[in-house]
Structures are given as structure tokens and as C-alpha cells.
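Me: Got a minute to go through this model with me? I'd like to start with the overall layout and then get down to side chains.

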Amino acid sequence: MLAINCHVSTNVLSVYEVPFNRPFQSGNEQAYLSKALETGTLAGDGPATQFVQGYCKKTFGFPHFWLTPSCTQALEMAAILTNAEPGDEIIIPSYTFVSTANAFVIRGAKPVFADSLPEHPNVDPEHIASLITDKTKAIVVVHYAGMGCDMTAINQLAERHHLLVIEDAAQCTFASYKGEYLGGIGHFGAISYHETKNIHCGEGGALIVRDEAFAGRAEIIREKGTNRSAFLRGEVDKYSWVDIGSSYLPSELNAAFLQAQLESAERVTERRKKLWSRYHEELKEVEKVGVERPTVPEGADHNGHIYYLTCRDGEQRNELIRRLAEAGIQATFHYQALHDSPYYRKHHNGGQLPNAERFTDTLVRLPLYYDLLEDEVGRVCETVKEILK
Ligand SMILES: *Cc1c(COP(=O)(O)O)cnc(C)c1O
């Protein structure tokens with residue numbers, strides 16, 4: 001079995017007839033890359049970056065949006081903007097990728113892990129409420145499979161206790177909650193353009209900042225703690241070291257590649273949602289043998305990022321993955337609950353997070369990508385049903 005937590009990439013040499021993922025290419029990437037090469041300067045914040053940032057602000061209604069080299073680094077920026085420091089507690093879902101927690105841990109803050117909902121990998125707002133103490137500084141949510149968490153409940157909790165809300169919206173391009181695009185609903189949002197996501201530039205990400213009050217500082221943190229951006233706009237007459245920061249700008253090559261992808265993002269989303277629905281329809285009968293199909297949370301409009309099943313137990317899940325592999329189909333599990341990871345186990349307070357543990361053991365993701373054929377979805381479904389019979 002593949003011992004990979006999140007980033008399952010497959011190349012053309014894949015031994016699987018139906019691989020788990022094939023990174024999307026629109027066909028215009030080369031043209032945009034050539035255009036970037038012609039400008040002669042490839043460092044960050046050139047014309048392609050400006051275009052993509054402007055496009056995303058307009059299309060998604062994000063007030064402040066900056067490209068970053070990865071979602072991981074956007075989360076690190078969010079942790080700096082949160083002023084997360086030793087003594088602070090940050091409530092984070094256990095069922096997520098390591099970057100969600102690491103961003104805060106490297107600043108010395110303590111992650112307090114929250115459980116998933118019983119029926120969905122997304123975090124349980126009631127469990128979050130029970131974890132809030134006078135040390136809590138922020139709540140981090142992860143919208144699993146591009147399906148929005150209950151942001152109404154979470155923002156209410158945050159307001160009541162004066163907490164910041166960070167959305168790990170890594171999987172969420174074009175996904176929304178009650179009509180608002182994910183990533184722009186909390187104080188800070190982080191998006192990923194890693195090649196395993198719906199649209200990508202190999203490695204890439206973005207930070208979204210909702211409130212004007214944090215925007216100036218975000219720009220400085222992204223520019224190594226300098227006011228270079230204000231200098232380039234002519235607002236200050238020299239640029240200086242004014243805060244902590246790092247190098248959070250991607251090269252123009254990444255932005256140019258992403259520009260080509262974004263132009264096709266709507267068509268990619270439609271296609272993925274169509275294939276998602278086909279899976280959902282054809283796999284109805286697996287529920288008869290105790291395997292669950294995903295439920296879409298109320299208010300969430302997802303983007304077809306992941307089609308997953310939850311098996312009866314770990315044994316059934318592992319057997320399903322193994323037998324699909326024998327049939328040339330690459331299916332894969334997902335996150336290993338962070339509270340029970342080799343790094344964190346010794347720090348965890350011992351509290352059980354039964355839902356996160358159940359998704360760790362039983363969740364399986366089926367192949368889903370733009371170029372997947374409907375016949376291939378049909379074949380995967382037939383094979384799954386045959387195995388589970
Ligand atoms: C993919 C992913 C990340 C990491 O994104 P990178 O761009 O590779 O840093 C973080 N969180 C979640 C939920 C993800 O799915």
C-alpha cells in the first residue's frame with residue numbers, strides 16, 4: 001500500500017490502468033510560460049502574478065489575495081498574522097494534513113486537536129466549543145474535499161470568544177459555503193495549487209486576508225519583513241526591515257502556469273462534479289453492506305475534489321484498496337489523525353477523538369481527475385461493488 005499521507009502524485013509511468021490522480025493541463029501552459037520568459041524577469045510579483053491575483057480577487061470576491069509558494073507557507077503567514085506564540089492554544093482539527101498544525105507549532109503555540117463530525121471528516125463545532133479556554137487564540141478549520149465546514153457556527157463561536165478564524169481551504173478552488181467562496185469567510189484563508197489539487201502550478205498556494213486591518217502586515221511578512229511593496233508603489237522613499245517575515249513570493253513561472261489553469265478552472269470544476277455525481281449515483285448500493293458514501297454538509301457547494309467512501313472498519317478498507325490495485329485501479333486512504341501521530345502522540349492529553357480515528361482507519365479515496373473517462377468511473381464502481389459483495 002502507498003505510505004503517503006496526502007500528496008499522491010502519479011506519473012505517466014504509473015503501473016495502474018486507472019491511476020488515482022492525473023494533474024490537469026489546459027494546453028495553454030507553454031504559451032504563458034513562453035510569454036513570461038520573454039519578459040526577461042522571473043522573480044515574484046511580475047505581470048503574471050499581478051494578473052492571477054487580480055483575477056482571483058474579482059472572480060471570488062476576495063478583498064486581499066497573494067500568491068505564495070505553497071499552501072503550507074500561506075498557513076505559516078496566517079500563523080504569524082495571528083501572533084501565535086508560546087502559551088497560546090490554537091484549536092485545529094485532528095483529521096488534516098500536517099501543515100495545518102505545523103504552521104502554528106513552529107511558532108511555539110500549542111495545537112489543541114478537535115474531532116471530526118460523526119458523519120463527515122469536517123471538524124465538529126460543538127467539540128471546538130468544548131475546547132475553548134482563556135488561552136485559546138484562534139480556530140483553524142479544514143474544508144475536507146472542498147466541502148465547507150459550518151462557518152456560521154464557527155464564526156459565531158469566534159466572535160463570542162474574540163478568536164481569529166483561519167480556513168485551510170487548500171482543496172477549495174471554486175467551492176463555496178452559503179454563496180461565499182471558501183477561504184474568504186474567516187479572517188485568513190490558505191489555498192493550495194499543488195499538483196494534487198483541482199488546479200495547480202506544480203507547487204503553489206495563496207493567502208486570503210479578509211479584513212483591511214491585517215492587509216498591510218501580510219504584505220510586509222510576504223516581503224521578508226520589509227516595506228518593499230509600499231516602496232515600489234512610491235509610498236515610502238526607501239525600503240527597510242520593519243517586521244518579521246520570510247520569502248513568501250512564488251516565481252513568475254509558477255504564476256504563468258497557474259494563469260493558464262485558472263482560465264480553465266470552471267470547466268475543470270464542472271467536469272469533476274459530474275464524475276463525482278456519477279460515482280455517487282452508481283455506488284448507492286454499497287450502503288447495503290455498511291459502506292457509507294459522502295454526505296454534503298448543508299450550505300456547502302463543493303468542487304468535486306475528492307470522491308471517498310468510508311468502510312465498516314480498517315480491515316475492509318485495506319482489503320478494498322488491495323483488491324482494487326490488483327484490478328489496476330489506484331485507490332488510497334487519506335490523513336492519519338494528527339493527535340495520534342508519532343510526533344504529537346507524546347504531547348497529546350490522551351483524549352480520544354473517535355471520529356477522526358474512524359476516518360483515519362476507514363476512509364478510501366477513488367480516482368478522480370479531469371481526464372478520467374465516464375467508462376472508467378463505471379469500471380471502478382463495478383469493481384468496488386464486486387469486491388464488497
Ligand atoms: C494539500 C493540502 C495542504 C498542503 O498544500 P501545499 O500547497 O502542498 O503546501 C494543506 N492542507 C490541506 C488540507 C491540503 O489538502
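Reply: Sure, here is a walk through the domains, a salt bridge, a helix pair and one Phe.

Reply: Bear in mind that this is a predicted model, where local features need pLDDT of at least 70, side-chain atom pairs count only at pLDDT 80 or more, and totals for chains, interfaces and linings use all residues. Residues are numbered from 1 along each chain as its sequence is written, and side-chain values use heavy atoms, with hydrogens and water left out.

Me: OK, which domains is the protein divided into?

Reply: Domain 1 is 14-24 + 265-388 and domain 2 is 29-262, with bounds from an automatic or database domain assignment. Their centres, taken over C-alpha atoms, are 26 Å apart.

Me: And how many residues of each are in contact?

Reply: 39 residues of domain 1 touch 43 of domain 2, with contact meaning heavy atoms within 4.5 Å. About 3500 Å² is buried between the two domains, 58% of it on carbon and sulfur atoms; that is the accessible area (1.4 Å probe) that two parts lose on being put together, summed over both.

Me: Which three residues of domain 1 supply more of its buried area than any other three?

Reply: His-305, Tyr-335 and Leu-338, with 20% of the area domain 1 buries against domain 2.

Me: How many salt bridges between the domains?

Reply: Zero, counting a side-chain nitrogen of Lys or Arg within 4 Å of a carboxyl oxygen of Asp or Glu. The whole structure has 22. One pairs Arg-271 with Glu-374 at 3.8 Å, N to O. Arg-271 sits in helix H10 (residues 265-282) and Glu-374 in helix H13 (residues 374-388), 103 residues apart. Helices here are DSSP runs (H or I, at least four residues), numbered from the N terminus.

Me: Switching topic: at what angle do H3 and H4 pack?

Reply: About 35°, with the axes of H3 (residues 71-81) and H4 (residues 98-105) 8 Å apart. Axes are lines fitted to C-alpha atoms over the stretch in contact, and angles run from 0 to 180 degrees between N-to-C directions. H3 contributes Thr-72, Leu-75, Glu-76 and Ala-79, and H4 contributes Ser-99, Thr-100, Ala-103 and Phe-104.

Me: Last one: what does Phe-214 contact?

Reply: Beyond neighbours within four places in sequence, Phe-214 touches Leu-81, Leu-164, His-187, Phe-188 and Val-209. Phe-214 is in helix H7 (residues 212-222).

Key
Helix = DSSP H or I, 4+ residues; strand = E, 2+ residues; numbered from the N terminus.
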